[in-house]
Amino acid sequence: AIPYVSFWAGILKNSEQLTLSDHPGLQMSKQQVLEFIGKIYTEKILVDEVDDRAHMARQSLPEFLYDYHLELLSEPMLAEEALINIVANARLYMDVSSRVKMFCRFLSINVEKPLPVEALSVFLLALVKIQNGEVPLLPDHDGLNCDAEKALRVIEYAFAQAPYVTRSKILLEAEKRCIGRHVDLDSLLLFMVDQWLGESARSEERLRALFVASDVDGDGNLTLTEFTNMVRHVNSRKTHRELLRMYAEMTLNKTVDCNTFVRVCRKFSFFTFLFGPVNRKAERDNSEVFEVLQAEWAKVEDMVHELLIVLEGSAVGMKLEQHVLTLKMLLADQREAEAAWHCYRKVISEFTS
């Protein structure tokens, strides 16, 4: 089997060899690239919701793009060609559009260190909240402003688990980016991702310091006893079962060294910086929003289900059914109003098309 990292490296290399000026039929306009980016972010948020509920790890943007084109084109070679073309066109506009440049960072184009999947999740969660679940989430042009007050509330929500002083500094820096009552959306999202990366790096430093302090005999290997004592010291919320799974995975490396310890801790969200509040409870202000959404869904639900019967067994039908199930679960949870509206609008878009 070819690791996906190697597969994607091949896509990046082949895209560099594609001269779009020699193939005018493959070259996209800047507007087309921006429209594509908005469409992909819209789809990725819905797929993440499905993966979360199926207890599957979220995909990186390159992984998702391959799945997306494979489903669309049904042929692996055609999907690869589409990816090469997308990357080549993204390179073309990355220096003239901040949105395309951010898209390129998520695709590991011209970057020394790829952004983690969590950075993309931070970006998309902020985007769907600021844009109130619009479909598509972004227009086909740059220079989109958003409400500054709403943006600051989203930042406060996003960094709820950061220390008060840190959160205050982030909010202060964000306020400086506001022009009157508005702020450039692409600039704000880039700022939020970079702030998250900074907090994540500091979290990793704390994990490394924790490893050194817990490695009592200083042999560079964390024993089960040392790990247990460390957990007791930091007062973790993890269950005994979770902690056992963590240490068991660490021992697969034979030696539980510092790098292994950090990697597994990040995977299990242990003593690391997490995005958003600790408990995402249903907000009181959302109750009216969900009442309206429930009423809107009730108007079309029967017609959508009739269409699903007609489309049964087809790729289009299965995708629509998946989105309908996701919508119903979001409506039942009544926690993420923006995500619910986003899913509803996507279902209606697919239904009417």
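This section describes helices, individual residues and enclosed spaces in a predicted model of the protein chain.

Confidence was examined for the chain and for its elements. The mean pLDDT of the protein chain is 90, and 97% of the residues score at least 70. Among the elements of the chain, helix H4 (residues 76-93) has the highest mean pLDDT, 96, whereas the lowest, 88, belongs to helix H10 (residues 224-234).

Two helices were considered in terms of span and burial. Helix H2 comprises 24 residues, from 30 to 53, and its first and last C-alpha atoms are 35 Å apart, close to the 34 Å expected at 1.5 Å a residue. H2 is mostly covered, with 17 of its 24 residues buried. After H2 comes His55, which has a positive phi near 60°. Helix H3 contains 13 residues and extends 18 Å between its terminal C-alpha atoms, close to the expected 18 Å. The buried residues of H3 are Leu61, Pro62, Phe64, Leu65, Tyr66, Tyr68 and His69. The cover over these buried residues includes H1, H2, H4, H5, H6 and helix H14 (315-333). Just after H3, a positive phi of about 65° is found at Ser74.

Helix H4 holds two residues that were examined individually. Asn85 lies in H4 and is classed as buried because its relative accessibility is 15%, under the 20% cut-off. Leaving out residues up to four places away in sequence, Asn85 touches Leu18, Leu20 and Leu26. Leu92 is also located in helix H4. With a relative accessibility of 43%, a value between the limits of 20% and 50%, Leu92 therefore counts as partly exposed. When neighbours within four places in sequence are set aside, Leu92 is in contact with Leu20 and Gln27. Leu92 and Leu20 are separated by 72 residues in sequence, while their C-alpha atoms are 8.8 Å apart in space. Leu20 thus appears among the contacts of Asn85 and among those of Leu92.

The search for enclosed space covered the whole structure and found one cavity of 30 Å³ or more. The largest cavity contains about 40 Å³ of space. Its lining is formed by Tyr41, Ser98, Arg99, Met102, Phe123, Asp186 and Leu190. Helix H5 (98-106) and H9 each supply at least two residues of this lining, and H5 gives the most, with three residues. By residue class, the lining of the largest cavity divides into four nonpolar, one polar and two charged residues.

Open space was also assessed, with attention to the second largest pocket, in which about 650 Å³ of space lies. This pocket is lined by 23 residues, of which Ser108, Pro114, Leu115, Pro116 and Val117 are the closest to its centre. Helices H1 (4-16), H3 (61-73), H6 (117-130) and H9 (185-214) each contribute at least two residues to the lining of the second largest pocket. The largest share of that lining comes from H1, which provides five residues. The lining of the second largest pocket consists of 15 nonpolar, three polar and five charged residues. Helix H9 accordingly supplies at least two lining residues to the second largest pocket and at least two to the largest cavity.

Conventions
Residues numbered from 1 in each chain as written. Predicted model: local features only at pLDDT ≥ 70, side-chain atom pairs only at ≥ 80, totals over all residues. Heavy atoms only, no water. Helix = DSSP H or I, 4+ residues; strand = E, 2+ residues; numbered from the N terminus. Expected span 1.5 Å × (residues − 1). Buried < 20%, exposed > 50% of the residue type's maximum accessible area, 1.4 Å probe, protein only. 1 Å grid on protein atoms, 1.4 Å probe; cavity = no way out; pocket = protein on both sides within 12 Å on 5 of 7 lines; lining within 4 Å. Points joined across faces, edges and corners; volume = space filled by probe spheres on them. Nonpolar A, V, L, I, M, F, W, Y, C, P; charged D, E, K, R; others polar. pLDDT = per-residue confidence, 0-100. Contact = heavy atoms within 4.5 Å.
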